[in-house]
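Subject: Handover of a structure for your work

Dear colleague,

Please find below the structure that I am handing over to you. I would be grateful if you could read the notes that follow it alongside the coordinates.

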Amino acid sequence: MYTLDTDNITLYICPELILILTGRAPGNLKNRKADLLNTATSIAGNTLALFGASGATGRAIIDQALHNGLKVRALVRAASSLAIRSPQLDIITGALLNREDVTATLTGCTTAICVFGPRPPYRDIFCAEATALIVEVMRGLSIRRLLCQTGGMIGDYRANRTWPFQLMTTAFNKRLPAIAADRAKQEQMVRDSGLDWTLIKPPRLTDGAARGTWRAGTGVRLGMLSSLTRTDLSAFVIDETLHNHHLHQAVFIKN
Ligand SMILES: NC(=O)c1ccc[n+]([C@@H]2O[C@H](COP(=O)([O-])OP(=O)(O)OC[C@H]3O[C@@H](n4cnc5c(N)ncnc54)[C@H](OP(=O)(O)O)[C@@H]3O)[C@@H](O)[C@H]2O)c1
């Protein structure tokens, strides 16, 4: 899917769909008509509000979204923290805990994606409060879809962890109790939001090349060696945005 922006009109171009609709597609492509039409409709109607856009995952999601023809409105603390520029990308400079900035970011969007998280030295406790504000503004603007990334070590999900990974989780909870509690509270807020939510719970994230495959689901188990590339993670996020496979689920995901 390609986009062409001109005079405030965005043209979405899907070469495969054009071949199908003009009767020039080879047999194997014809079978994908319903799938491609469905995806094209989702893309044309979708604008993403991205919170945590300047982080490594945020930037990977922007790349993937733009590549798929989606529009993104990204809230950042400093414009200099995000180098990507595109006609499909609106950058809003402001604060996560400021209602006006969050409202400006969400206005005109269909989906909110939260990928912010604390950075070393882990003194700022803000994830639950920021998520509560985003949920509240979403409700006011009648935006239903919320994807929120936390982590595989957050919350009481023992069945999704091997015992060594559970030991590491317990150590994390002891070392950073305020952060662990804030992230667990953030998850609870998403679950209680009444929105069409998905929680995304990855293990260690890497910036390596995309593998193109991943395992995602409520039953996926993470271990000490589990990891996920941010490129694959962002492909999952965009696929989830378009197809809603995991509504009302806490999804564990790994390569
Ligand atoms: N890294 C991992 O291996 C890993 C593993 C599992 C889960 N996760 C989770 O996955 C998500 C993305 O991780 P990542 O490593 O890609 O993120 P990252 O690069 O550390 O980016 C963090 C983002 O959160 C924002 N942020 C940090 N402190 C903030 C504050 N006090 N107020 C407002 N915004 C703040 C940052 O904004 P600035 O650029 O303005 O600082 C940035 O956009 C996070 O929720 C993280 O906890 C990470």
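The notes below go from the overall chain to the core, one helix and the ligand.

Please bear in mind that this is a predicted model. The protein chain holds nine helices and 12 strands, and buried residues account for 37% of its 255 residues. Among the contacts with a separation of 6 or more, 68% join residues that are 24 or more positions apart.

The largest nonpolar core comprises 54 residues. Leu50, Phe51, Ala74, Ala112, Ile113, Ile134 and Met138 touch the most other members of this core, and α6 gives the most to it, with six residues. Ala112 illustrates the packing: leaving aside residues up to four places away in sequence, Ala112 touches Ala49, Phe51, Leu106, Ile134, Met138, Ile143 and Leu146. In soluble globular proteins, nonpolar side chains tend to be buried together.

Helix α6 merits a closer look. This helix runs over residues 127-140 and spans 20 Å from its first C-alpha to its last, close to the 20 Å expected for its 14 residues at 1.5 Å a residue. Its buried residues are Cys127, Ala130, Thr131, Ile134, Val135, Val137 and Met138. They lie on the same side of α6, because they cover an arc of only 170° around the axis. The elements that cover these buried residues include β3 (47-51), α5 (99-106), β6 (111-114), β7 (145-149) and α8. Just after α6, Ser142 adopts a positive phi of about 55°.

Helix α8 (residues 177-191) contains Lys185. The C-alpha atoms of Lys185 and Thr131 are 9.6 Å apart, although the two residues are 54 positions apart in sequence. Is Lys185 buried or exposed? Lys185 is partly exposed, because 18 other C-beta atoms lie within 10 Å, whereas a buried residue would need 20 or more.

As for the ligand, 22 residues surround it, and Gly55, Thr57, Phe116, Gly117 and Gly151 come nearest. The elements that give two or more residues to this shell are α4 (56-67) and β9 (204-206). Helix α4 supplies the largest share, three residues. By character, the residues of the shell divide into eight nonpolar, 10 polar and four charged.

Yours sincerely

How values were computed: Residues are numbered from 1 along each chain as its sequence is written. This is a predicted model: local features need pLDDT of at least 70, side-chain atom pairs count only at pLDDT 80 or more; totals for chains, interfaces and linings use all residues. A residue is near a molecule or strand if its C-beta atom, placed from the backbone, lies within 6 Å of it. Helices (H or I, at least four residues) and strands (E, at least two) are DSSP runs, numbered from the N terminus. Ala, Val, Leu, Ile, Met, Phe, Trp, Tyr, Cys and Pro count as nonpolar, Asp, Glu, Lys and Arg as charged, and the others, Gly among them, as polar. A residue is buried if 20 or more other C-beta atoms lie within 10 Å of its own, exposed if 12 or fewer, and partly exposed in between; C-beta atoms are placed from the backbone. The expected span of a helix is 1.5 Å times one less than its number of residues. The arc is that of the directions from the helix axis to the C-beta atoms. Two residues are in contact if their C-beta atoms, placed from the backbone, lie within 7 Å. A nonpolar core is a set of buried Ala, Val, Leu, Ile, Met, Phe, Trp, Tyr and Cys residues joined through C-beta atoms within 7 Å.
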